[in-house]
Amino acid sequence: VLGTHEEQDMRIIKAFCLAALLTFSVAHAQEEDHEGLRALRATMEDALNKRDLDALLANVDDNVAFTAMNAEAGYGKEHIRSYFDRMLNGPNKIVENVNVKFVPDKKATFYGPDVAVSAGVAASHYELTNGLKFDIDARWTATLVRKDGRWLVGAFHYSANVFRNPIMDKQRSFLLMAGGGVAVVLALAGFFIGRRRPARTA
């Protein structure tokens with residue numbers, strides 16, 4: 001009977017050791033995946049800030065879905081190339097310079113071994129061709145997929161607060177200043193018209 005109890009104890013110990021080993025292996029593998037995703041984020045950030053479109057496109061999936069901050073959406077690498085050429089390099093470009101820091105809210109969430117979703121803030125500085133410069137904390141969400149052992153961007157979505165952002169704030173300030181200027185002009189006009197109007201005699 002003693003031998004039977006000892007065998008049962010050994011089986012329990014072995015089961016616990018195996019479970020602990022599996023847990024450690026899974027955690028270690030997932031941490032390696034997180035490292036891979038962090039490396040991908042750093043590569044994409046560096047490519048964007050250096051305006052290295054080839055490096056950026058080398059790290060996105062062929063069927064990537066991309067939604068820009070101006071709500072323009074498209075699919076595939078050629079759409080991204082066309083968008084960035086038009087916005088940053090073309091004769092009618094809008095953006096003179098951009099610098100972005102992608103800051104995730106937390107570690108990516110995995111949906112199976114080869115799909116992960118990450119989201120966070122894009123602390124961005126923009127310089128436009130019209131001379132406007134501003135900082136904005138945009139939001140981003142990325143779907144990452146692993147293909148042939150490499151993590152790639154499968155989908156990326158930018159967004160900004162449409163109710164409160166630097167461009168809206170500048171427009172609001174301009175309208176307030178313009179409104180104040182109009183009020184002053186109307187007040188002065190009323191004052192001078194009133195002075196020039198002859199007084200009524202009784």
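In the predicted model, Glu78 and Arg81 lie 3 residues apart in helix 3 (residues 77-89), so about one helical turn separates the two positions. These two residues form a salt bridge in which the closest N and O atoms are 4.0 Å apart. The partners differ in their surroundings: Glu78 is exposed, with a relative accessibility of 57%, whereas Arg81 is partly exposed, at 28%. In general, side chains that carry opposite charges can pair when their charged atoms come close.

A further pair joins Lys93 to Glu96, with 3.5 Å between the closest N and O atoms of this salt bridge. Lys93 has a relative accessible area of 25% and is therefore classed as partly exposed. Glu96 is likewise partly exposed, its relative accessibility being 35%.

Salt bridges also connect several residues into a network, which links Glu31, Glu35, Arg38 and Lys107. Within this group, the side chains of Arg38 and Glu31 meet in a salt bridge with an N to O distance of 2.7 Å. Arg38 counts as partly exposed because its relative accessibility is 28%, and Glu31 falls in the partly exposed class with a relative accessible area of 29%.

In total, the structure contains 14 salt bridges. Among them are the pair Glu78 and Arg81, the pair Lys93 and Glu96, and the pair Arg38 and Glu31.

Note on methods. Residues numbered from 1 in each chain as written. Predicted model: local features only at pLDDT ≥ 70, side-chain atom pairs only at ≥ 80, totals over all residues. Heavy atoms only, no water. Buried < 20%, exposed > 50% of the residue type's maximum accessible area, 1.4 Å probe, protein only. Helix = DSSP H or I, 4+ residues; strand = E, 2+ residues; numbered from the N terminus.
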